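Visitor: I'm new to this one. Could you take me through a single part of it, the place where the chains touch, and what lies behind it?

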Amino acid sequence: MVKEKKKKILVVDDEPDNTSIFSIGLKDGGFEVDAFTDPLLALSKFKSGNKEYDLLILDIKMPDINGFELFEKIQEIDDKVKACFLTAFGEGYTEEFGRRFPSSLNVSFIRKPIRVDDLVKKVNEIMVNSL
Amino acid sequence: MKIGQVKHIDGIRTNFVVTDTEYTSSAIMQQVHAHPEIVYSNVKSIVEQQQYLFENLWNKAIPADHKISEIEEGVELEKTHVIQDPRSILKLFIDMIKSAQQEVFLILPTVNAFLREHRIGIIQLLIQSANERSVNVRILTPTNDITDNILKNTMLSSQKEKRKRQGFDFNFDLRSINISSEEIAVSTVTIVVVDKKESLVFEKTDDTKEDFIEAVGSATYSNSKPTVMSYISIFKSLWKQVDLYEQLKVHDKMQKEFINIASHEMKTPTQAIVGYADLMQRHPEKREHMIQGMSRNAVRLQRLTNDILDVTRIDSNTLNLHKEQFNLDNLIADAIQDHAGHIEKENLDIKLLYNFKKNVNDSLPIYGDRDRITQVIYNLLDNAIKFTKEKGEVISVSAERKKNGSKQEEEVIISIKDTGEGINPEIQPRLFSKFATRSFSGTGLGLYISKSIVEAHGGRMWAENNPEGKGATFTLTLPLRSKEGQIQSSVIKRMTGNQSG
């Protein structure tokens with residue numbers, strides 16, 4: 001039996017506790033995870049890689065560049081990559097999102113706080129839908 | 001002979017008598033002498049027509065004694081009359097605006113009304129009056145993008161003209177009534193009041209018409225004081241209402257923003273607590289690390305809750321200060337000792353120095369809220385330690401008594417200077433506003449609260465990066481009070497406007 005290659009996820013959240021929790025949780029869920037608290041470092045990692053990520057999990061509110069801006073820059077390198085935004089805000093972000101990505105289909109949202117199992121479930125759903 | 005009532009009316013060109021059954025009139029008037037030729041009729045329809053005519057004139061006339069006293073006193077009495085002819089209304093409207101010396105109040109019922117008045121040149125005339133004759137012009141009107149543009153352009157060209165000629169003094173103010181018409185009764189009439197002396201109120205019969213003459217119905221002109229004053233009071237209450245409504249909208253927006261950010265900030269540590277709790281069972285080997293994470297985030301959540309409560313109290317003017325007499329020197333010394341203990345416990349390589357430049361037996365007597373001032377000093381020391389991470393760095397606290405230049409009152413100046421990373425230039429302009437932080441453990445509310453507390457004690461607070469290049473200095477002043485004061489409560493005033501450091 002051929003062992004299925006693990007799906008690879010890039011997690012970017014400026015809160016070290018969150019990156020640590022999401023990494024452990026997603027690795028437990030069977031994914032390979034790279035996690036960054038600095039969005040600019042994450043971007044340079046993405047640039048140096050070979051479009052290896054199946055999914056980006058991005059916090060929205062971050063210093064230097066926010067999650068939307070980071071996704072825009074990553075899309076310039078890989079326009080197929082899927083993103084899932086983590087948000088602790090209420091409703092305000094959807095307007096900005098609609099403006100930035102008017103026809104984006106490969107994007108979803110997760111509201112913080114989220115239980116670890118729910119996060120893994122949601123990520124599995126995204127991966128299945130993208131097959 | 002008994003006379004029933006005599007009334008005065010201007011402009012009658014002929015004499016006539018009408019009874020129940022007959023009508024008589026001199027055909028031509030010559031001075032006061034009646035001409036021998038007369039018109040007579042007892043035809044019912046002619047008599048009735050003349051009766052109708054008399055009734056109309058009678059209703060329009062004013063009591064004779066009013067006219068007599070007007071002539072005797074040489075003043076024109078106040079009048080109120082109805083004008084039906086749209087052209088006369090238009091002429092009167094323009095004449096009134098042109099004659100204005102001090103002020104014009106104008107209420108427009110619809111955007112279309114504004115556009116019509118603009119077409120006939122009223123808006124330009126009003127801006128001119130404000131510009132050239134310093135007439136105080138106040139307009140209440142519904143607005144939209146088109147009216148905003150018109151106004152902007154008209155005002156711009158007028159202001160340019162004005163600048164060319166003399167100093168800049170503009171008395172034109174327009175407020176937008178974009179409240180639904182049910183909330184404001186004035187939605188069908190235009191009201192104009194000039195110089196608190198005369199008013200003109202006209203109805204619109206068809207708001208869809210672009211032309212003033214076609215759109216306007218009848219008008220009521222008055223220079224009667226009670227009538228004019230009533231319109232002024234309607235205008236002023238609407239003006240105030242619009243003002244309050246605008247303030248309410250701003251306040252509402254700020255409150256929504258605050259709730260949005262506060263909830264965001266609270267979700268962040270909550271996510272960490274929830275996450276660690278979920279993982280702890282699966283990863284007993286990381287239990288210690290995860291408990292630490294939970295505890296750290298629980299403390300952060302608690303601090304945030306307290307800070308949000310303080311901010312809510314400050315913003316709603318309900319943060320009470322429980323003032324008492326105490327010595328600030330002791331308070332600072334205690335705070336420093338506490339933080340020195342913390343530095344030692346955490347094994348941080350930071351030097352904490354305190355220097356009170358005092359003369360013999362000098363002290364720092366303060367009449368204030370001891371707990372709140374402690375909160376301020378702790379906030380500043382915590383910040384200094386948090387942003388001073390490299391080895392061998394120094395935090396030096398100094399206190400100095402000084403005369404406050406303008407008032408000759410004594411104050412204490414406390415400076416907390418560190419050699420840490422300094423204030424981020426992005427944060428600097430809003431350092432003392434709410435939720436300004438780049439720190440993970442901070443709430444972004446501490447400095448806002450501290451500055452509010454200091455200002456409520458009559459002091460000042462500011463911050464700057466050190467000129468020598470490393471670290472920052474936070475400085476606060478508090479007035480010194482040596483007299484024993486009565487213990488009393490006062491309320492922190494809400495901070496407004498410029499709170500930036």
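Guide: Sure, and keep in mind that this is a predicted model. The contact draws 19 residues from chain B and 17 residues from chain A. On the chain B side, the elements giving two or more residues are α8 (225-280) and α9 (287-315). The largest share, 13 residues, belongs to α8(B). Sorted by class, that side of chain B holds 10 polar, five nonpolar and four charged residues.

Now follow α8(B) away from the contact. This helix lies across β8, β9, β10, β11, β12, β13 (198-204) and β14 (216-222) of chain B, and runs at about 110° to β12(B). Those strands belong to an open, mixed sheet of seven, ordered β8-β14-β13-β12-β9-β10-β11. At the edges stand β8 (80-83) and β11 (172-176) of chain B; each has a single partner strand, so one side of each lacks a neighbour in the sheet. From one strand to the next, the twist averages 10°.

Look inside the sheet and you'll find β9 (residues 103-107) and β12 (residues 189-194) of chain B, an antiparallel pair joined over four bridges. One spot to pick out is B:L106, whose bridge partner in β12(B) is B:V192. Another helix, α5 (residues 122-132) of chain B, packs on the sheet too, touching β9, β10 (136-141) and β11 of chain B, with its direction at about 150° to that of β10(B).

As for the partner across the contact, chain A has five helices and five strands, and along the sequence they read β-α-β-α-β-α-β-α-β-α. Of its 131 residues, 37% count as buried.

Note on methods:
Residues are numbered from 1 along each chain as its sequence is written. Chains are lettered from A and ligands numbered from 1 in the order in which they are written. This is a predicted model: local features need pLDDT of at least 70, side-chain atom pairs count only at pLDDT 80 or more; totals for chains, interfaces and linings use all residues. Two residues are in contact if their C-beta atoms, placed from the backbone, lie within 7 Å. Ala, Val, Leu, Ile, Met, Phe, Trp, Tyr, Cys and Pro count as nonpolar, Asp, Glu, Lys and Arg as charged, and the others, Gly among them, as polar. A residue is buried if 20 or more other C-beta atoms lie within 10 Å of its own, exposed if 12 or fewer, and partly exposed in between; C-beta atoms are placed from the backbone. Two strands pair if DSSP finds at least two bridges between them. Axes are lines fitted to C-alpha atoms, for helices over the stretch in contact, and angles run from 0 to 180 degrees between N-to-C directions.
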